[in-house]
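Work through these exercises with the sequence and model open. Try each task before reading its solution.

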Amino acid sequence: VVVAGHPKATGEMPEAMYDAGMGIAGLTCVFTIQAKDAAGNSWTKDSRDAFLVQLVGPSVLMGDVKNNLNGTYTCAYFPTKAGCYDMTVLLRERAIKGAPFRVDVIAGRTSSGACVVDGEGIERAVAGKECLAHIHAKDQYGNGITWSESVAREVGFTFEMVHCAGLANSKRGSPFSSEADSRVRGTVLDCQDGTFRVSYYAKRTGVYTLNCVGTFDGQPLMGC
């Protein structure tokens with residue numbers, strides 16, 4: 001994200017150039033303000049001006065502005081909520097030209113512990129019939145992950161139902177001849193919109209526990 005600011009010494013409405021910005025939730029976002037005089041010349045020494053940066057959107061963020069003492073100012077902010085923000089840069093309580101600027105903050109890396117699995121298939125099922133569930137990919141702050149080719153390469157899930165009887169009761173007449181026989185594995189399909197469709201067939205009635213894990217970090221999903 002780059003903002004080139006023009007804080008005019010005359011006190012007139014400052015001008016600015018802005019390069020469309022994008023932030024990532026959970027990462028520090030940084031941009032630079034370049035101070036200029038009324039003629040448009042860049043300052044190369046401390047301009048002693050104070051800039052105020054505020055972003056308003058899904059949350060309100062204040063930028064941390066550092067004077068580099070060479071005519072430039074480094075501003076950093078830390079977003080946790082994805083969405084569209086309006087960023088205002090103020091000089092002497094007046095917005096620089098072009099403000100507010102649009103900043104799009106996207107979700108961070110997928111975190112299994114924040115992902116959610118829902119649908120009728122995790123509550124009840126009919127033996128021998130297809131059962132469905134859905135997985136919603138989210139980052140550590142609960143922002144929904146939108147699909148992209150990079151996400152498709154990195155994100156995946158395994159879905160498994162384990163019969164509570166299992167091998168624990170194998171010596172007392174359990175219908176399962178092996179541990180594998182007590183497990184039902186689901187087919188996970190990427191819907192290319194940040195969600196995943198799960199289908200499975202359970203052959204035997206009974207109570208099952210759900211094991212749903214992110215293949216990218218080996219951690220279970222929320223509630224699993």
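The exercises go from the whole chain to single strands, rings and bonds.

This is a predicted model, in which local features need pLDDT of at least 70, side-chain atom pairs count only at pLDDT 80 or more, and totals for chains, interfaces and linings use all residues. Residues are numbered from 1 along each chain as its sequence is written, and side-chain values use heavy atoms, with hydrogens and water left out.

**Exercise 1. The whole chain**

Task: Find how many helices and strands the protein has, and what share of its residues is buried.

Solution:
- Start with the elements. The protein has one helix and 18 strands. Helices (H or I, at least four residues) and strands (E, at least two) are DSSP runs, numbered from the N terminus.
- Turn to burial. Of the 224 residues, 37% are buried. Buried means under 20% relative accessible area, exposed over 50%, and partly exposed in between (1.4 Å probe, protein chains only).
- Look at the surface. About 12300 Å² is exposed, and carbon and sulfur atoms supply 51% of it. These areas come from the Shrake-Rupley method with a 1.4 Å probe; for residues, only the protein chains shown count as cover.
- Finish with contacts (heavy atoms within 4.5 Å). Among those between residues at least 6 apart in sequence, 64% join residues at least 24 apart.

**Exercise 2. A sheet of three strands**

Task: Work out the strand order of the open sheet that contains β14, and name its edges.

Solution:
- Recall the general rule. Strands of a sheet pair through backbone hydrogen bonds, either parallel or antiparallel.
- Apply the pairing test: DSSP must find at least two bridges between two strands.
- Read off the order. It is β15-β14-β18, with antiparallel pairing.
- Name the edges. They are β15 (183–185) and β18 (208–214), and each pairs on one side only.
- Add the turn between strands. Neighbouring strands of this sheet are turned by 20° against each other on average, direction ignored. The axes are lines fitted to C-alpha atoms, for helices over the stretch in contact, and angles run from 0 to 180 degrees between N-to-C directions.
- Check one pairing. β14 (residues 157–163) and β18 share seven bridges in the antiparallel sense. Here H163 faces Y208 of β18.

**Exercise 3. Strand β17**

Task: Explain why β17 counts as largely enclosed, and list strands that pair with it.

Solution:
- Count burial. β17 spans residues 195–201, and five of its seven residues are buried, so the rest of the structure largely encloses it.
- Take β13 (residues 130–136). Seven bridges join β13 to β17, and the two run antiparallel. H136 stands opposite T195.
- Take β16 (residues 187–190). Four bridges join β16 to β17, again antiparallel. V188 stands opposite V198.
- Inspect the hairpin of β16 and β17. Four residues lie between the strands, and Q192 takes a positive phi near 60°.

**Exercise 4. Aromatic rings**

Task: Classify the ring pair F157 and F216.

Solution:
- Set the rule. Rings of Phe, Tyr and Trp (its six-membered ring) pair if their centres lie within 6.5 Å; planes under 30 degrees apart count as stacked, over 60 as edge-to-face and the rest as tilted.
- Count the pairs. The structure holds four.
- Classify this one. The centres of F157 and F216 are 5.7 Å apart and the planes are at 85°, so the pair is edge-to-face.
- Place the partners. F157 is in β14 and F216 is in the segment after β18, 59 residues apart.
- Compare exposure. F157 is buried at 7%, while F216 is partly exposed at 27%.
- Widen the view. F157, F196 and F216 form one aromatic cluster.

**Exercise 5. Backbone exceptions and cysteines**

Task: Locate a cis peptide bond and two positive phi values, then count the disulfides.

Solution:
- Note the background. Most residues other than glycine have a negative phi, and most peptide bonds are trans.
- Find the cis bond. It runs from A99 to P100, with omega near 5°. P100 is in the loop between β10 (94–95) and β11 (101–106).
- Take L69. Its phi is positive, about 65°. L69 lies in the loop between β7 (64–67) and β8 (72–77), and is exposed at 56%.
- Take E93. Its phi is positive, about 70°. E93 sits in the loop between β9 (83–91) and β10, and is exposed at 78%.
- Test for disulfides (a pair of cysteine sulfur atoms within 2.5 Å). The count is zero.
- Check two cysteines. C84 is partly exposed at 37%, and C191 is partly exposed at 33%.
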